[in-house]
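Q: Please take a close look at the part of this model where the two chains meet, and describe it for someone who has not seen the structure before.

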There are 2 protein chains.
Amino acid sequence: MVGKEIGERHFIEDVALFCEQMGLPRMAGRVLGVLLISDPPAQSLNDLCDCLQASKSSVSSMARLLVGEGLIEPAPCLVPRRDYFRFRDGGWLEFMRRRMEVMAGLHAIADRGLEILEGRDESLRARLEEAHDVFEFVDSEFRGWLEWMGKRGKRTAKTGR
Amino acid sequence: MVGKEIGERHFIEDVALFCEQMGLPRMAGRVLGVLLISDPPAQSLNDLCDCLQASKSSVSSMARLLVGEGLIEPAPCLVPRRDYFRFRDGGWLEFMRRRMEVMAGLHAIADRGLEILEGRDESLRARLEEAHDVFEFVDSEFRGWLEWMGKRGKRTAKTGR
DNA sequence: CTCAACGTACAGTATTTACAGAACGATAAA
DNA sequence: TTTATCGTTCTGTAAATACTGTACGTTGAG
């Protein structure tokens with residue numbers, strides 16, 4: 001059971017607001033919020049509906065959306081014909097990784113911009129060279145750090161899934 | 001003059017799409033796209049309207065939005081009563097910095113979640129400890145790297161504004 | 001003073017989005 | 001076989017969003 005106490009409600013709504021800032025539907029954030037503090041960690045769709053007082057369709061589609069984002073995963077369950085979900089180990093790292101990948105997309109765009117300004121004055125090219133540098137930096141360095149974090153996470157993780 | 005050639009149009013639209021993925025209006029991305037390859041770098045609102053075939057109101061509000069995002073800045077101009085804008089040195093770093101700040105917001109949220117699960121089994125707390133670790137990492141390390149990049153940028157920048 | 005150009009603010013519109021509710025198909029229990 | 005439960009899909013709707021066009025105030029030029 002989760003989401004009865006005022007503190008839990010507040011937490012869930014904070015996660016929802018955060019997810020909204022990240023471009024996800026607020027309801028997806030609520031589902032994620034529940035799965036971050038639920039006991040047990042795995043909850044059925046009905047549990048989530050009851051807890052959030054939301055429609056089956058919303059919760060169902062939001063759960064699948066979160067699975068696609070790599071933040072949660074289906075959990076094996078004893079009761080047949082019932083879907084359980086839980087937060088996915090390393091979900092946040094995966095989330096960050098994908099966001100960084102989108103950002104790194106500007107790396108290529110900046111290069112194409114530099115092609116357009118080929119042969120032009122350096123002062124004109126500086127804008128795009130900054131973009132190139134920043135996002136190449138993000139693409140290379142940060143990717144490495146994420147991998148390092150991933151290894152560290154696996155090493156300290158005692159909760160085998 | 002900018003935006004006449006097919007390559008430029010394509011570049012502008014790519015930047016627009018990127019900005020849309022980042023949660024900004026597409027038109028804001030178009031304005032930014034122009035200001036990334038324009039010659040001269042500073043363009044008036046009318047220039048932008050002509051180039052993008054968009055309404056004054058859109059371009060005006062999108063320009064102010066981009067100023068708020070720290071990506072562009074008003075440029076001093078000789079013609080009175082006319083607003084010029086140009087890409088802002090270090091704009092991308094500022095952009096990244098703000099995005100990271102939003103992400104780091106989950107750091108505090110995770111802590112609040114851990115308070116809720118205080119005294120509970122470690123297996124239950126692992127989810128939030130991962131969030132805590134990841135976003136504390138982002139908040140501390142990445143902030144430092146951004147600052148380092150910022151210094152490096154100022155050092156190599158020959159284009160004094 | 002008059003007029004034209006510029007930027008902003010407001011109103012209108014069309015598209016998208018986030019959700020709820022109903023209908024449907026599938027499956028396990030009775 | 002019937003029935004109840006679960007998940008998905010489809011449809012509808014209310015709200016937000018992105019943009020256009022118009023109206024307005026302001027300022028420099030004639």
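**Where the two chains meet**

A: The crossing of helix α1 of chain A and helix α5 of chain B is left-handed. This is a predicted model, and the description below starts from that pair of helices before turning to the wider interface. The axes of α1(A), which spans residues 6–21, and α5(B), which spans residues 91–116, come within 10 Å and cross at roughly 165°. Because an angle over 145 degrees counts as roughly antiparallel, α1(A) and α5(B) are therefore roughly antiparallel to each other.

On the side of α1(A), the contact is made by Gly7(A), Glu8(A), His10(A), Phe11(A), Asp14(A), Val15(A), Phe18(A) and Gln21(A), while α5(B) brings Val102(B), Met103(B), Leu106(B), Ile109(B), Arg112(B), Gly113(B) and Ile116(B). Sorted by character, the residues of this contact comprise eight that are nonpolar, four that are polar and three that are charged.

Two of the residues in that contact, Asp14(A) and Arg112(B), also form a salt bridge, in which the closest N and O atoms are 2.7 Å apart. Asp14(A) belongs to helix α1 of chain A and Arg112(B) to helix α5 of chain B, so this pair joins two chains. As a general matter, side chains of opposite charge can pair when their charged atoms come close.

Seen as a whole, the contact between the chains takes 52 residues from chain A and 52 residues from chain B. Together the two chains bury about 4600 Å² between them, and 76% of that area lies on carbon and sulfur atoms. Within the area that chain B buries against chain A, Trp92(B), Met103(B) and Arg127(B) supply 14%, which is more than any other three residues. Met103(B) is also one of the residues through which α5(B) meets α1(A).

Four salt bridges are found across the interface of chain B and chain A, whereas the count over all chains comes to 22. Besides the pair already described, there is a salt bridge between Arg120(B) and Asp39(A), whose closest N and O atoms are 2.7 Å apart.

Asp39(A) deserves a further look, for a cis peptide bond joins Asp39(A) and Pro40(A), with omega at about 5°. Pro40(A) lies in the loop of chain A between α2 (26–37) and β1 (43–44). In chain B, the peptide bond from Asp39(B) to Pro40(B) is cis, with omega near 5°, and Pro40(B) is found in the loop between α2 (26–37) and β1 (43–44) of that chain. For background, most peptide bonds are trans.

The loop that holds Pro40(A) follows α2(A), and this helix packs with α3(A) at an angle of about 105°, their axes being 11 Å apart. The two helices α2(A) and α3(A) are therefore roughly perpendicular to each other. Here Arg30(A), Val31(A), Val34(A) and Leu35(A) in α2(A) meet Leu48(A), Cys51(A) and Leu52(A) in α3(A), and the residues of this contact divide into six nonpolar, no polar and one charged.

Methods
Residues numbered from 1 in each chain as written. Chains lettered and ligands numbered in written order. Predicted model: local features only at pLDDT ≥ 70, side-chain atom pairs only at ≥ 80, totals over all residues. Heavy atoms only, no water. Axes fitted to C-alpha atoms, helices over the stretch in contact; angles between N-to-C directions. Helix = DSSP H or I, 4+ residues; strand = E, 2+ residues; numbered from the N terminus. Parallel < 35°, antiparallel > 145°, perpendicular 65-115°, else oblique. Left-handed = near helix turned anticlockwise from the far one by under 90°. Contact = heavy atoms within 4.5 Å. Nonpolar A, V, L, I, M, F, W, Y, C, P; charged D, E, K, R; others polar. Buried area = accessible area lost by both parts, 1.4 Å probe. Salt bridge = Lys/Arg side-chain N within 4 Å of Asp/Glu carboxyl O.
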